[in-house]
Structures are given as structure tokens and as C-alpha cells.
Amino acid sequence: MKITKLIWIVVAVAIGVFVVNKLLDDRAKRDAQRAETHRVKQETKTVVSNMAANRNAVTDWDKRLSKDENYRMSPVLTIELEQLWQGERPILFIGSIKDISSGVGGDYLVLMERGLFTSEPMFTTELRLSLHAPKALIDPFLAKHPKLFADSGFNNGVAVVAKVQAINTSDERGEDGERVEVKTGLGELLEIQHTGDVFF
């Protein structure tokens, strides 16, 4: 009887030790994963910041356009974008690739839109870029990120440095059927960097 009780105590202690060790191990793995995710995100932000700095790109055009508000209700005027996007300096645009098509001279035409990870500031006017891009720049980028369009928009963030030469205005119907004004900057794509799900 005493031996049976002793066996049950030993088994219970062994199970307890196993459970505690498993919990500690799981916590250590979660902490390590969080630390690695944070490191990758910080590294991505540094790479984008360096890319913009090397090209002397305008990085705060969106905050200037929204006058430092989180949400701008009034429509964006073309002249405002001309002043912010069409200067001598290129701009940094963070969003996602909406489409890629064949352009002039064998190059690509890359259509960019502000994405899920550029939530602030927000505008009622949709802002896009339509950029001529050399195949030598886009083909290796797509080869390096083959799942860019595979994750339902949750890992497809990109940052580009672009030289905008003109602004085009058009109207589209949103998902709810309402009219949406779209302002598209037309120009050249100079550099591109995958940002994944990193918020900027």
C-alpha cells in the first residue's frame, strides 16, 4: 500500500516537473520568437530609412499633406501633390503593389497603392503611383519574394523611392459602390524594398 502511494507521488512529481519544464520552454521559445520578429522589423525600418536617405527622398509628404492629423476628410488637391511629389527630390512611398504590366521599351509599369501597413495618416482621396521600372530591378525582386501576392495582402508591403513627373486624377467605385477619387503619381521607380507586415 505504501509502495503504491509512493509510486503515485513519484509519478505526480514527474508529471509536474514535465509540465513546468514544458511551460518554461514554450515561454522561452515565444520570447525568442518575439525578439527575432522585433529585430527583423527594426532591421527593415533601418534599410528603408537608409534607402530614402541615400536618395535624399522626401519621407514626410503624407504628414505634411494631412497637416499632422491622423485622418484628412477633405479631398486632396492635385496642386498639393504637385508641390509635395514633383519637386527635385524623389519621394518615399510605402504601400503595396497593385499590379505589374508590360511598359514601354520592355520595362514594366508598376502600380502602387497605400497598403494595410500605412494606416496613418488616412485620406478620403486614394493615393497611388504608376511607375516605369526596369526589368533588371523588378525581376530579381519578384524572384526573391515569390509569395509576395500569396498572403491575402498581409505580407505584401513594399517601400519604393520614386521620381514623380505628373499627377493624374480619376474616379472609381469603391467596394460599397460609392465614388472614390484617385490621385496617381506618374513617374520612375528608382529603388524598391520588401517590408512585409512591418508598420510604418
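These legends go with close-up views of aromatic pairs and salt bridges in a predicted model.

**View 1. W61 and W85 meet edge-to-face.** There are three aromatic pairs in the model. In the one shown here, the ring centres of W61 and W85 sit 5.2 Å apart, with 85° between the planes. That angle is over 60 degrees, so the pair goes down as edge-to-face. W61 belongs to helix α2 (residues 61-66) and W85 to helix α3 (residues 78-85), so this contact ties together parts that are 24 residues apart in sequence. Both W61 and W85 are buried.

**View 2. W61 also stacks with F93.** Here the centres are 5.9 Å apart and the planes are 10° apart. That puts the angle under 30 degrees, so W61 and F93 count as stacked. The pair links distant parts of the chain: W61 is in helix α2, while F93 is in strand β2 (residues 91-102), 32 residues away. Like W61, F93 is buried. Put W85 back into the picture and you have one aromatic cluster made of W61, W85 and F93.

**View 3. E43 and R39 form a salt bridge in helix α1.** On to the charged side chains: the model has eleven salt bridges. In this one, the closest N and O atoms of E43 and R39 are 2.9 Å apart. The two residues are four apart in helix α1 (residues 2-54), which means about one helical turn separates them. Both ends are partly exposed: E43 has a relative accessible area of 45%, and R39 comes in at 40%.

**View 4. E80 reaches K67 in a salt bridge.** The N to O distance is 4.0 Å. This pair links distant parts of the chain, with E80 in helix α3 and K67 in the loop between α2 and β1 (71-72), 13 residues apart. Is each partner buried or exposed? E80 counts as buried because its relative accessibility is 15%, and the cut-off is under 20%. K67 is exposed, because its relative accessible area of 59% is over 50%. R72 joins in as well: K67, R72 and E80 are linked in a network of salt bridges.

**View 5. K183 and E181 form a salt bridge between buried residues.** Their side chains meet at 3.9 Å, N to O. K183 counts as buried at 5% relative accessibility. E181 has a value of 19%, and it still counts as buried because the cut-off is under 20%.

Conventions: Residues are numbered from 1 along each chain as its sequence is written. This is a predicted model: local features need pLDDT of at least 70, side-chain atom pairs count only at pLDDT 80 or more; totals for chains, interfaces and linings use all residues. Side-chain values use heavy atoms; hydrogens and water are left out. Rings of Phe, Tyr and Trp (its six-membered ring) pair if their centres lie within 6.5 Å; planes under 30 degrees apart count as stacked, over 60 as edge-to-face and the rest as tilted. Buried means under 20% relative accessible area, exposed over 50%, partly exposed in between (1.4 Å probe, protein chains only).
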